[in-house]
Amino acid sequence: MKRFLEAKGLLVLLFALLLLLAACGSADESGGNDEDASDDTEQTEDGNDTENQDSNDQAAEKLVIGFSQVGAESEWRTANTKSIQDAIKDAGHELKFSDAQQKQENQIKAIRSFITQKVDAIVFSPVVETGFETVLQEAKDAGIPVFLVDRAVDVDDDSLWATFLGSDFVEEGRKAGNWLVEEMADKEGPINIVELQGTVGSAPAIDRKEGFEEIIGEEDKFEIIKSQTGDFTRAKGKEVMEAFLKSDGDNIDVLYAHNDDMAIGAIQAIEEYGLKPAEDITIIGVDAVKGAFEAMADGKMNVTIECNPLFGPQLVDLIEQHFAGEELDKRIAVEESMYTMDQAEKLLPTREY
Ligand code: AHR
């Protein structure tokens, strides 16, 4: 009986050992299967494993953005470039930047290069309004959204861009016209105006002229006696103003410059000619750059209509909203104001561009 009990005890022990071994084996197997499972998933075509999903999310957050800028022709442009570059970098996106040096062919090349490099989005400020249909269509065909900034294109198919963020240039021209009409309310005509236009064919040149003419055209006493492009630069503004002074000298009552840089160049020409800017000739500029505030504080310029270049952060928000699947308005206008000589000294230290 004793032997029988001992043998039975041994059997129970053996059985228990076997159970333990079996349990260990299955634990090992399940650990091995976890690793195998993750290896298998890594090789699946949809790549939906956790690791790949994480890297997909990162890719969706960090965008590669190509930015084709007009050039570096004015104080305004320099501030605009910096605002957009800083906002893209601050948001953690990668920027590919191209300066078109005011040439349309350079912009077309840059956009094609962005398409070849498969960027996620293209930011584009067109030098001129026309001639971009083909390249915009190429971007659309490649599935790359285009964000128009600052200047519009004259293209019927608005599906070629995600949104257009920029100033209302016609309204800026109207503001300049309204200011002049009020300023000259008590003056009898004729009031002779010379106009320095922006880059030929560019949206701000076309629209600022249109808005200004719409307002001054309501009164017979105003006449634009000379109008020529100064290409938005100081040097060209000075050169063209010299020519205006040579031909029309003391007959000029008002200068309307489509940007402050040209107005500042023209101020130099007026002084060299021997006249007093802002007294002998009323000076109107557009942009509200620091240089204009300095000229106004010195009593050499009468008014500047604001065109705000600091929309980089707003642009990046729009790009991110687009990639988050939000529907964007096709046209988003930048809010702007107008500043006169008497405000200049006080506001100068607060100007950001
Ligand atoms: O498109 C905006 C215009 O372009 C600015 O008024 C001018 O200064 C710039 O060069």
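In which loop does P190 lie? In this predicted model, P190 sits in the loop between α6 (169–183) and β6 (191–197). The spot is worth a look, since the peptide bond from G189 to P190 is cis, with omega near -5°. A second backbone oddity turns up at Q101, a residue other than glycine whose phi is positive, near 50°. Q101 belongs to the loop between β2 and α4 (104–116). For background, most peptide bonds are trans, and most residues other than glycine have a negative phi.

Next comes the sheet. Six strands make up an open sheet, lined up in the order β2-β1-β3-β4-β5-β11, and their pairing is parallel. The edge places go to β2 (94–99) and β11 (331–333); each has just a single partner strand, so one side of each is left without a neighbour in the sheet. Going from one strand to the next, the twist averages 20°. In general, strands of a sheet pair through backbone hydrogen bonds, and they can do this in a parallel or an antiparallel way. At the β11 edge, β5 (residues 163–166) pairs with β11 in the parallel sense over three bridges. As for who pairs with whom, F164 has R331 in β11 as its bridge partner.

Helix α3 (residues 75–90) ties several parts of this picture together. Helix α3 lies across β1 (64–69), β2 and β3 (121–124), and runs at about 160° to β2. Helix α3 also meets another helix: its axis and that of α11 (residues 312–323) come within 7 Å and cross at roughly 45°. That angle is why α3 counts as oblique to α11. The crossing of the two helices, α3 and α11, is right-handed. On the α3 side, the residues that meet α11 are S83, I84, D86, A87 and I88, while α11 brings G312, P313, L315 and V316. Sorted by class, this contact of α3 with α11 has six nonpolar residues, two polar ones and one charged one.

Finally, there is the ligand. It is surrounded by 13 residues, and the closest of them are S74, W76, P204, F232 and N259. Two elements, α3 and β9 (282–287), give two or more residues to the shell around the ligand. So what classes of residue make up the shell around the ligand? The shell divides into six charged, five nonpolar and two polar residues. Helix α3 thus shows up in three settings: it lies across strands of the sheet, it crosses α11, and it gives residues to the ligand shell.

Methods:
Residues are numbered from 1 along each chain as its sequence is written. This is a predicted model: local features need pLDDT of at least 70, side-chain atom pairs count only at pLDDT 80 or more; totals for chains, interfaces and linings use all residues. Axes are lines fitted to C-alpha atoms, for helices over the stretch in contact, and angles run from 0 to 180 degrees between N-to-C directions. Helices (H or I, at least four residues) and strands (E, at least two) are DSSP runs, numbered from the N terminus. Angles under 35 degrees count as roughly parallel, over 145 as roughly antiparallel, 65 to 115 as roughly perpendicular and the rest as oblique. A crossing is left-handed if the near helix is turned anticlockwise from the far one by less than a right angle, and right-handed if clockwise. Two residues are in contact if their C-beta atoms, placed from the backbone, lie within 7 Å. Ala, Val, Leu, Ile, Met, Phe, Trp, Tyr, Cys and Pro count as nonpolar, Asp, Glu, Lys and Arg as charged, and the others, Gly among them, as polar. Two strands pair if DSSP finds at least two bridges between them. A residue is near a molecule or strand if its C-beta atom, placed from the backbone, lies within 6 Å of it.
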